[in-house]
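Notebook open, structure loaded. I'll start with one loop residue and work outwards from there.

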Amino acid sequence: MKRFIVFSILIICGIFDTFAETCQKPEVVASAYVTEDATILTNVAFTTQFVLKCSNGVKGITLYAEVNGKSLPAARLSSDNKYQVSWTEDVKKAHSGDYNIKLYDDERYAAIRKALRNGEDPNSVKPLVVVVLNNPGIYRGPWVNSELLAVLLAAVVSYSAFSSKFKLLA
């Protein structure tokens with residue numbers, strides 16, 4: 001009988017512990033950085049920092065992020081629920097516009113892994129919250145390189161000089 005009571009207490013504590021760590025009504029305040037000058041780079045860096053506020057005051061939960069099908073860990077920066085998600089993309093694949101960063105807690109991330117393992121659609125699992133990162137665009141350099149412009153200008157000047165010389169001599 002004692003074992004049953006101890007086992008029941010452990011189960012009840014486990015259930016309350018699970019509910020205590022779930023973020024209720026999450027709100028996110030985010031800031032972002034994107035590499036904008038890619039004239040000599042091969043990869044573009046994306047970084048977003050955000051503060052997660054839960055209505056029930058939960059702090060220090062483990063978060064996972066998913067961006068364009070890639071799973072990423074969300075690094076916890078401080079004890080007041082400040083997190084960061086970073087990744088890189090090839091310059092040719094990076095697009096301008098919005099990137100949706102889906103954030104999942106342990107419970108939801110386990111559900112995604114289970115769905116993938118069972119061959120189900122992982123999009124059926126609702127994220128905890130979605131952070132939107134806006135990429136204004138990447139500068140890839142001028143349309144015409146200065147070396148090409150200098151060669152074209154030298155060719156035009158040489159042509160006009162030689163044609164003027166031949167007109168004067170003729």
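**Entry 1: N68.** I looked up N68 first: at 52% relative accessibility it counts as exposed (my cut-offs: buried is under 20% relative accessible area, exposed over 50%, partly exposed in between, with a 1.4 Å probe and protein chains only). N68 sits in the loop between strand 3 and strand 4. Its phi is positive, about 50 degrees, although N68 is not a glycine.

**Entry 2: ground rules.** Note to self: this is a predicted model, where local features need pLDDT of at least 70 and side-chain atom pairs count only at pLDDT 80 or more, while totals for chains, interfaces and linings use all residues. Residues are numbered from 1 along each chain as its sequence is written, and side-chain values use heavy atoms, with hydrogens and water left out.

**Entry 3: K25.** I went looking for that phi feature elsewhere. K25 is not a glycine either, yet has a positive phi of about 50 degrees. I find K25 in the loop between helix 1 (2-20) and strand 1. Buried or exposed? K25 is exposed, at a relative accessible area of 69%.

**Entry 4: overall layout.** I tallied the elements: three helices and seven strands. Helices (H or I, at least four residues) and strands (E, at least two) are DSSP runs, numbered from the N terminus. Along the sequence I read α-β-β-β-β-β-β-α-β-α. Of the 170 residues in the protein, 26% are buried. The protein exposes about 12,100 Å², and carbon and sulfur atoms supply 60% of that; the areas come from the Shrake-Rupley method with a 1.4 Å probe, and for residues only the protein chains shown count as cover.

**Entry 5: the sheet.** In what order do the seven strands line up? They form an open sheet, 1-2-5-4-3-6-7, and the pairing is antiparallel (two strands pair if DSSP finds at least two bridges between them). Strand 1 (27-34) and strand 7 (129-135) are the edge strands, each pairing on one side only. Neighbouring strands of this sheet are turned by 30 degrees against each other on average, direction ignored. Axes here are lines fitted to C-alpha atoms, for helices over the stretch in contact, and angles run from 0 to 180 degrees between N-to-C directions.

**Entry 6: strands 3 and 6, plus a helix.** I zoomed in on strand 3 (residues 63-67), which three bridges join to strand 6, running antiparallel. E66 stands opposite K102 in strand 6. Helix 2 packs on the sheet, touching strand 3, strand 4 (70-78) and strand 6, and its direction makes about 100 degrees with that of strand 6. Contact, for my purposes, means heavy atoms within 4.5 Å.

**Entry 7: D105.** I checked the loop between strand 6 (97-104) and helix 2 (106-117), which is where D105 sits. D105 counts as buried because its relative accessibility is 5%. Which residues does D105 touch, leaving aside neighbours within four places in sequence? T22, T62, L63, Y64 and L128.

**Entry 8: L52.** Last stop is L52, in strand 2 (residues 43-53). L52 counts as buried, at 2% relative accessibility. Outside its neighbours within four places in sequence, L52 has contacts that include C23, P26, I61, L63, Y83, L128 and V129. I also pulled one C-alpha distance: L52 and V29 are 23 residues apart along the chain, with their C-alpha atoms separated by 6.9 Å. For the whole protein, residues 24 or more positions apart account for 66% of the contacts with a separation of 6 or more.
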